[in-house]
Amino acid sequence: MIPGSFAYHRPTSVNDAIRLLADFGEEARPLAGGHSLIPMMKLRLATPEHLVDLAGIADLKGIRTEGGDIVIGAMVTQHEIVGSDLLAAKIPILREASLLVADPQVRYVGTLGGNVANGDPGNDMPAVMMCLGAGYGVVGSSGERTIPAREFYQGAYLTALKPSEILTNIRIPVPAAGHGFAYEKLKRKIGDYATAAAAVVLVMSGGTVAACSIGLTNVADTPLWAEEAARIVTGSTLDAATVKRAVAAAEAITSPASDGRGPAHYRTKMAGVMLARALASAKARAH
Ligand SMILES: Cc1cc2nc3c(=O)[nH]c(=O)nc-3n(C[C@H](O)[C@H](O)[C@H](O)COP(=O)(O)OP(=O)(O)OC[C@H]3O[C@@H](n4cnc5c(N)ncnc54)[C@H](O)[C@@H]3O)c2cc1C
């Protein structure tokens, strides 16, 4: 349970962090809150020789509005998301989902950037970001780019991020005023990763669903954007037959592992149950 030895670097600018990552190449890893990386180092599942701590970079902090988007710095902690009045007013699903991440101790230190960059299918925020249509601002030695969350995840711990790039911010288009939302997560106990979870954001108009987006957590190697399920419910009143068809469409794209959280078939069914609950809750909250 003791990590191998490593050199510790604490840059104070994004440019310095990128230069360090470029200089040390595959031997270096960015360090954010350390609540995924350090446990992996203790288990020797990760053995970086250089840790580039992002905690001293002021540009990676803060939550701000930019036009119709909200931009969240990569080093904003999950605790800060829970406490943000701006996010509670504009994108309340972030608070709901963050409160279901781990426990207060982890949330005080764990960052949004670390949660979405990690690539662990068990992380809760990636599916929420896919549901919201977020974009990840990334900077590397070859410049800046934005990667849509829906294109970021390529496999377990495999993302579109290049080794010398860092995620600087998460840009989220603010959903329509009065939208409904829900993040429903089944877990074995407080602080656990999801057996299955579903994120829903929808807009109701005249009793029918005018727009809907759905994300699923921990039921495949990557978080899932359930595009077909959302298409099925759009235009409906969310009647039981439509919800059943949407649940079936969502279940069809899952491919969870059988593990300590249950056999694959059970986890697929629980993804469907979480989706049905999230749809009902989102509809009830929409106005
Ligand atoms: C007991 C426990 C329970 C947990 N339960 C949950 C849970 O229920 N749900 C959940 O979602 N998470 C859970 N976590 C994980 C927790 O949310 C982590 O904090 C999070 O996954 C990673 O954030 P971090 O800031 O700690 O990142 P780190 O651990 O520092 O980094 C994680 C990975 O992302 C990379 N990285 C970090 N920041 C950047 C960046 N800006 N740019 C590029 N790469 C970067 C690192 O190099 C590393 O590979 C749990 C953790 C613990 C210890």
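Modeller: Before we start, one definition: Ala, Val, Leu, Ile, Met, Phe, Trp, Tyr, Cys and Pro count as nonpolar, Asp, Glu, Lys and Arg as charged, and the others, Gly among them, as polar. Keep in mind, too, that this is a predicted model.

Colleague: Thanks! How many residues of each class does the shell around the ligand have?

Modeller: That shell has 14 nonpolar, 12 polar and four charged residues. In total, 30 residues surround the ligand, and the closest are Pro30, Gly34, Ser36, Thr111 and Asp124. Among the elements, E2, H7 and E10 each supply at least two residues of the shell.

Colleague: And where does the ligand sit?

Modeller: Start with the general idea: rolling a probe the size of a water molecule over the atoms shows where empty space is left. In this model, the ligand sits in the largest pocket, which holds about 1100 Å³ of space. Its lining counts 46 residues, with Arg29, Leu37, Gly114, Ala117 and Asn118 nearest the centre. Elements that give two or more residues to this lining include strand E2 (28–31), helix H7 (112–117) and strand E10 (166–173). By class, the lining divides into 21 nonpolar, 17 polar and eight charged residues.

Colleague: Which atom of Gly34 lies 2.7 Å from an oxygen atom of the ligand?

Modeller: For Gly34, a backbone N or O atom does. Asp192 also uses a backbone N or O atom, 3.1 Å from a ligand oxygen, whereas Lys185 places a polar side-chain atom 3.0 Å from a ligand oxygen.

Colleague: How much of the ligand's accessible area does the protein cover?

Modeller: The ligand has 960 Å² on its own, and the protein covers 91% of that.

Definitions and conventions:
Residues numbered from 1 in each chain as written. Predicted model: local features only at pLDDT ≥ 70, side-chain atom pairs only at ≥ 80, totals over all residues. Heavy atoms only, no water. 1 Å grid on protein atoms, 1.4 Å probe; cavity = no way out; pocket = protein on both sides within 12 Å on 5 of 7 lines; lining within 4 Å. Points joined across faces, edges and corners; volume = space filled by probe spheres on them. Helix = DSSP H or I, 4+ residues; strand = E, 2+ residues; numbered from the N terminus. Near = heavy atom within 4 Å. Polar contact = N/O pair within 3.5 Å; in protein donor to acceptor, adjacent residues only side chain to side chain. Areas by Shrake-Rupley, 256 points an atom, 1.4 Å probe, with all protein chains shown as cover. Sits in = over half its atoms within 2 Å of the grid points.
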